[in-house]
Amino acid sequence: MSSRQGESRPLMAAAEISRRSSVALSFIRRESKDGRSKGSDRIRGFLRREADKEPQERDPMAGGMMVSGGGPPRKYEGRTTGYVILTCILAASGGLMFGYDVGVSGGVTSMDGFLKKFFREVYDRKHSANLNEGNYCKYDNQKLQAFTSSLYIAGLVATFFASYTSRRFGRRPTMQIASACFVIGTVLCAAAQNMAMLIFGRVLLGCGVGFANQAVPLYLSEMAPTHLRGGLNILFQLAVTVGIFFANLVNYGTEKIDPWGWRLALGLAGIPAALLAIGGVLLLETPNSLIERGQMEKGKRVLQKVRGTPNVQAEYEDMVAASEVAKSVKHPFRNIVKRRNRPQLVIAMLLQLFQQMTGINAIMFYAPVLFQTLGFKSSASLYSAVMIGCVNVLSTIVAVAIVDKVGRRKLLLQAGVQMFIAMLAIGIILGVQLKDTGGLPNGSAIVVVVLICVFVSGFAWSWGPLGWLIPSETFPLETRSAGQSITVSTNLLFTFIIAQAFLSMLCHMKYAIFLFFTAWIVIMTLFVIFFLPETKGIPIEEMQGVWGGHWFWKRYVPYDPALEQEMQAKNAADVNPQQEKIAQAI
Ligand code: BGC
């Protein structure tokens, strides 16, 4: 139990338990029209147990569509079984697949064989010394950008279908749809004979991303034992960065295989796709999803198998209760736009906008193209992209290690300064030294690569993982599912915009595009300073209190001490003997 200075531990524990329980119970109260709870005792019990947990023990996805059970871990039995390990491999393949798609397009669009086949005009422009298009405009081509961006717009649309299929049919069929899209999309792209085949392949890959990004994190959090759930959230992001890095390496290796190296690069996405497909066949449906769809007995059997013990009653009951809570929320999307949910909604959407406006995907998608713009040769460009991919992975590992110690705000603020300096310096160097023709002097080119690494490392331990983590821990029970869909699709929308616009913006704005991103970094850092409360270690049930105590958000979620007191008194009468016991035991 987190302790506050100046308070004795048992006292603090009792107060804390009472407070958490009261806030959790207020959910039931809000859902009830006549002031009395419609929820069953099981739901009350579940919410009380959830409220009693440490934040890191609490199910990060409990509620809404993303229900999953969980009482206090001390009451659950079970071990980390083979299934859980298989689940982690699955997580890796879903994340790897997304990352691979992010990383591979930049390399492929800089390869001559690919350009000659599909984008002849870009190829000619790239190789003609006479065409006076200038450095910055070599790759400015709407169709070339559509090759990259089509994946994200398809993913955006697919996310909403995935939200339906994973609730109605289960997580496993949703992952199977994802892997089928990935496999067919990969084959179409690798074998593409014309533009239509290529873009259709990318659209299918995008559908795969939409379905996988919705179902895989959900599957993971439901299958993993409670103590592994929070960590898996960031590990998914780590898998994404490994996928990008893997794609960078493949680009570097296949670029020399002319003229069909690009086919190999696009085709190797088949490895994570096949892994996900195998997972979709071999792995079981989650107990939570089975229970949610009324298959109670089967759900219990699966839970016993996954936990490796027949004694799963406590966890099973919590899952049943959580699924009842989920079912009691009739209109999650209508619910989420209510005034009291405004802070979470606005923050989740703005975090996605800001994450993309750091300019990260200008680098992730187009690093090889960008380096050629700076005058690098083809393989030096791809080699530099590999270095950047490596920095991205290593810095994400730093985030995994420190995010719960340092806190979200400090990481975002520190990284904001680091990214600001790096982007500004890149803009200034290019502005001063990169003319329309001729490359950068050698020394400056190396400095730019180093600055990009500095920028990427800052992103990877802040906006990269936190852009996903913060929304996942701020939406309350009743809007969690809708919130997650909105978060994913907003992210894909802005990813699409960057993918579709960056090369044209580079052509028109030249070096100033980097100053444009610098300005965004200032805006988002100010936003963090003034509008983003720290959420490290705050239980989900207490999040309303965080908004109520915030200078700005309290307009939307006024803090009501009277209600709080009333709930505490009611609750104290309700659960005090039990609290006393727990408090004494601590
Ligand atoms: C972002 C992706 C980005 C990746 C880079 C993720 O958090 O959502 O758009 O490509 O980080 O590592």
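1. Which helix gives the largest share of the shell around the ligand? In this model, which is predicted, that share comes from H9, with three residues. The elements that contribute two or more residues to the shell are helix H9 (226-254), helix H16 (342-357) and helix H21 (463-474), and a reader new to the structure may wish to find these helices before turning to individual contacts.

2. The residues around the ligand are, in order of their numbering, Val 102, Gln 237, Thr 241, Ile 244, Gln 355, Gln 356, Asn 361, Asn 392, Phe 459, Gly 464, Trp 468 and Asn 491. Sorted by character, the shell around the ligand holds eight polar residues and four nonpolar ones, while no charged residue takes part in it.

3. Three polar approaches to the ligand deserve a separate look. A polar atom in the side chain of Gln 356 lies 3.1 Å from a ligand oxygen atom, and an N or O atom in the side chain of Asn 392 is likewise placed 3.1 Å from an oxygen atom of the ligand. With Gly 464 the approach involves the backbone, where a polar atom is 3.2 Å from an oxygen atom of the ligand.

4. How much of the ligand's exposed area does the protein bury? Taken alone, the ligand exposes 310 Å², and the protein buries 99% of that area. The space that the ligand takes is, moreover, the largest cavity.

5. Away from the ligand, the count of disulfides comes to one, and this link joins Cys 137 to Cys 507 with a distance of 2.1 Å from S to S. The link between Cys 137 and Cys 507 is right-handed, with 90 degrees about the S-S bond. Because Cys 137 lies in the loop between helix H5 (120-127) and helix H6 (142-168), whereas Cys 507 belongs to helix H22 (residues 480-509), the pair ties together parts that are 370 residues apart in sequence.

6. Two details of the backbone should be checked by anyone reading the model closely. The peptide bond that runs from Asp 258 to Pro 259 is cis, with omega near 5 degrees, and Pro 259 has its place in the loop between H9 and helix H10 (261-267). Lys 510, for its part, is a residue other than glycine with a positive phi, near 55 degrees, and Lys 510 is found in the loop between H22 and helix H23 (512-531).

Conventions. Residues numbered from 1 in each chain as written. Predicted model: local features only at pLDDT ≥ 70, side-chain atom pairs only at ≥ 80, totals over all residues. Heavy atoms only, no water. Near = heavy atom within 4 Å. Polar contact = N/O pair within 3.5 Å; in protein donor to acceptor, adjacent residues only side chain to side chain. Areas by Shrake-Rupley, 256 points an atom, 1.4 Å probe, with all protein chains shown as cover. 1 Å grid on protein atoms, 1.4 Å probe; cavity = no way out; pocket = protein on both sides within 12 Å on 5 of 7 lines; lining within 4 Å. Sits in = over half its atoms within 2 Å of the grid points. Helix = DSSP H or I, 4+ residues; strand = E, 2+ residues; numbered from the N terminus. Nonpolar A, V, L, I, M, F, W, Y, C, P; charged D, E, K, R; others polar. Disulfide = S-S within 2.5 Å.
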